[in-house]
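Visitor: I should like to learn how the features of a structural model are read, taking one feature at a time.
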Amino acid sequence: MDQKLKEIIVELFEMKENAITDSLTMKDTDVWDSLKHMELIAAIEDVFEVELSFDEIVAMQTFKEIKQVLSTKGIEG
């Protein structure tokens with residue numbers, strides 16, 4: 001899961017993979033705005049074949065939180 005998730009973020013946010021750590025947050029990254037967040041959610045739902053609730057989407061503010069939400073969906077990494 002980690003690698004796929006990093007690939008999505010690298011592509012969407014045009015970041016270097018080594019910059020993506022558990023501490024990466026939405027508020028610390030200029031390019032990670034509300035529009036990009038929804039693009040990220042759409043890509044995650046597509047790649048991992050999951051449907052995320054509003055509460056899950058709102059909770060996904062850091063790379064670590066995204067992984068935690070995906071883990072609750074049964075996606076391991």
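The dialogue below takes up the core, one helix, an aromatic pair and the backbone in turn.

Guide: This is a predicted model, in which local features need pLDDT of at least 70 and side-chain atom pairs count only at pLDDT 80 or more, while totals for chains, interfaces and linings use all residues. Residues are numbered from 1 along each chain as its sequence is written, and side-chain values use heavy atoms, with hydrogens and water left out.

Visitor: Which residues have the most contacts inside the largest nonpolar core?

Guide: In soluble globular proteins, nonpolar side chains tend to be buried together. A nonpolar core is a set of buried Ala, Val, Leu, Ile, Met, Phe, Trp, Tyr and Cys residues joined through side-chain atoms within 4.5 Å. Buried means under 20% relative accessible area, exposed over 50%, and partly exposed in between, with a 1.4 Å probe and protein chains only. Here the largest such core has 24 residues, and Ile9, Leu40, Ile44, Phe48 and Leu70 have the most contacts inside it. Two or more residues come from each of α1, α2 and α4 (63-72), and α1 gives the most, with 5 residues. Helices (H or I, at least four residues) and strands (E, at least two) are DSSP runs, numbered from the N terminus. Contact means heavy atoms within 4.5 Å; leaving aside residues up to four places away in sequence, Ile9 touches Glu14, Met15, Ile20, Leu24, Leu40 and Phe63.

Visitor: Where do the buried residues of α2 lie around its axis?

Guide: The arc is that of the directions from the helix axis to the C-beta atoms. In α2 the buried residues are His37, Leu40, Ile41, Ile44 and Phe48. They cover an arc of only 100° around the axis, so they lie on the same side of α2. These buried residues pack against α1, α3 (54-59) and α4, whereas the face turned away from the buried side carries the exposed residues Leu35 and Asp46.

Visitor: Which residue caps the N-terminal end of α2?

Guide: A polar contact is a pair of N or O atoms within 3.5 Å; within protein, one must be able to donate a hydrogen and the other to accept it, and residues adjacent in sequence count only if both atoms are side-chain atoms. The cap is Asp33, with a side-chain oxygen 3.2 Å from the backbone nitrogen of Leu35.

Visitor: How many aromatic pairs does the structure hold?

Guide: Rings of Phe, Tyr and Trp (its six-membered ring) pair if their centres lie within 6.5 Å; planes under 30 degrees apart count as stacked, over 60 as edge-to-face and the rest as tilted. The structure holds 1 aromatic pair. The ring centres of Phe13 and Trp32 are 5.3 Å apart and the planes are at 35°, so this pair is tilted. Phe13 belongs to helix α1 (residues 2-13) and Trp32 to the loop between α1 and α2 (34-48), so the pair links distant parts of the chain, 19 residues apart. Both Phe13 and Trp32 are buried.

Visitor: What is the phi of Glu14, and what is that of Glu49?

Guide: Most residues other than glycine have a negative phi. Glu14, in the loop between α1 and α2, has a positive phi near 50°. Glu49, just after α2, takes a positive phi of about 50°. Glu14 is exposed, with a relative accessible area of 73%, and Glu49 is exposed as well, at 73%.
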